[in-house]
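Open the model in a viewer and keep the sequence panel beside it. The stops below can be selected in order.

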Amino acid sequence: MGRVLLPVLASALLLADPAQAADAPLNGPPGASSCTGCHATTRIADSVIPRIAGRKAADIVTFMREYKSDAWPSSVMGRIAKGLDDQQTDAIAAWFAAQPE
Ligand code: HEC
């Protein structure tokens, strides 16, 4: 039984992978991959860059709006936020919010 079942399971797993990648691209919506270079989606100990994965989308959007209007001082985020329109920001925020904390 085990000899028959294992290869079946293995091929099921192999088949599942590309389908999953198509449904939820690992790099997120356009622009999101430019964030993950600094804001890791996996936990990194002692990073000076605040984690945004798993935060509320509305909070991320608020941060981005404030950075964009220079309401809050920032080193890099002001420049980055200015390069995104509201739609892109919303999509990226929603994607980060859906990532595991
Ligand atoms: C070059 C590195 C870098 C990139 C790229 C980058 N960030 Fe940041 N981010 C930072 C740093 C550093 C801070 C802290 C504020 C500052 O100094 O600008 C920050 C702060 C933030 C904060 C506030 C978090 C908090 O709790 O204070 C949010 C939200 C954020 N970034 C979202 C994004 C998004 C969305 C993107 C992609 C569009 C992005 N960042 C790209 C470095 C980066």
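Among contacts in the protein chain between residues at least 6 apart in sequence, what percentage join residues at least 24 apart? The figure is 60%. Keep in mind throughout that this is a predicted model.

**Whole chain**

Colour the protein chain by secondary structure. Five helices and zero strands appear, and reading along the sequence gives the pattern α-α-α-α-α. Then colour by accessibility: of the 101 residues in the protein chain, 22% are buried.

**The iron site**

Select the iron atom of the ligand, then show His39 and Met77. These are the protein donors, His39 through NE2 and Met77 through SD, and they lie 1.9 to 2.1 Å from the iron. The two residues come from distant parts of the chain, 38 residues apart. His39 sits in the loop between helix 2 (33-36) and helix 3 (57-68), whereas Met77 belongs to helix 4 (residues 77-82).

What is the geometry of the site of the iron atom? The site is octahedral, with angles of 85 to 178° among the six donor atoms. For comparison, ideal angles for six octahedral donors are 90 or 180 degrees.

Now check the two donors for accessibility. Are they buried or exposed? His39 has a relative accessibility of 10%, so this residue counts as buried. Met77 has a relative accessible area of 16% and is also buried, because the cut-off is under 20%.

**The largest pocket**

Stay with His39 and Met77 and add Pro50, Ile52 and Tyr67. Display the largest pocket, which holds about 400 Å³ of space. The pocket is lined by 21 residues, and the five now selected are the closest to its centre. Helix 2, helix 3, helix 4 and helix 5 (86-98) are the elements that each give two or more residues to the lining. Colour the lining by residue class: 15 residues are nonpolar, five are polar and one is charged.

**Thr89 and Arg65**

Move to helix 5 and select Thr89. Its relative accessibility is 5%, so Thr89 counts as buried. Which residues does Thr89 touch, not counting those up to four places away in sequence? They are Val61, Met64, Arg65 and Leu84.

Follow that list to Arg65, which is in helix 3. Arg65 has 32% relative accessibility and therefore counts as partly exposed. Leaving aside neighbours within four places in sequence, Arg65 is in contact with Asp86 and Asp90 as well as Thr89. For a distance check, draw a line from the C-alpha of Arg65 to that of Gly78: the two residues are 13 apart in sequence and 9.1 Å apart in space.

**Asp70**

Next, go to the loop between helix 3 and helix 4 and select Asp70. What is unusual about its backbone? Most residues other than glycine have a negative phi. Asp70 is not a glycine, yet has a positive phi of about 60°. At 52% relative accessibility, Asp70 counts as exposed, because the cut-off for that class is over 50%.

**Ala40 and Pro100**

Return to the loop between helix 2 and helix 3 and select Ala40. With a relative accessible area of 19%, Ala40 is buried. Setting aside residues up to four places away in sequence, Ala40 touches Arg51 and Ala53. Between Ala40 and Ala53 the C-alpha distance is 7.6 Å, with 13 residues separating them in sequence.

Keep Arg51 and Ala53 on display and add Pro100, from the segment after helix 5. Where does this residue make contact outside its own stretch of sequence? Leaving aside neighbours within four places, the contacts of Pro100 are Thr41, Arg51 and Ala53. Arg51 and Ala53 thus appear in the contacts of Ala40 and in those of Pro100. The C-alpha atoms of Pro100 and Thr42 are separated by 8.1 Å, although the residues lie 58 apart along the chain. Pro100 itself counts as exposed, at 59% relative accessibility.

Key. Residues are numbered from 1 along each chain as its sequence is written. This is a predicted model: local features need pLDDT of at least 70, side-chain atom pairs count only at pLDDT 80 or more; totals for chains, interfaces and linings use all residues. Side-chain values use heavy atoms; hydrogens and water are left out. Donors are N, O and S atoms within 2.8 Å of the metal (3.2 Å for Na, K and Ca); water is not among the atoms, so sites may look incomplete. Four donors count as tetrahedral if all angles lie between 85 and 135 degrees; four count as square planar and six as octahedral if opposite donors are over 155 degrees apart and all others between 65 and 115; anything else is irregular. Helices (H or I, at least four residues) and strands (E, at least two) are DSSP runs, numbered from the N terminus. Buried means under 20% relative accessible area, exposed over 50%, partly exposed in between (1.4 Å probe, protein chains only). On a 1 Å grid over the protein atoms alone, a cavity is a set of points where a 1.4 Å probe fits but cannot get out, and a pocket is an open set with protein on both sides within 12 Å along at least five of seven lines; lining residues have an atom within 4 Å of a point. Grid points are joined across faces, edges and corners, and a volume is the space filled by probe spheres set on the points. Ala, Val, Leu, Ile, Met, Phe, Trp, Tyr, Cys and Pro count as nonpolar, Asp, Glu, Lys and Arg as charged, and the others, Gly among them, as polar. Contact means heavy atoms within 4.5 Å.
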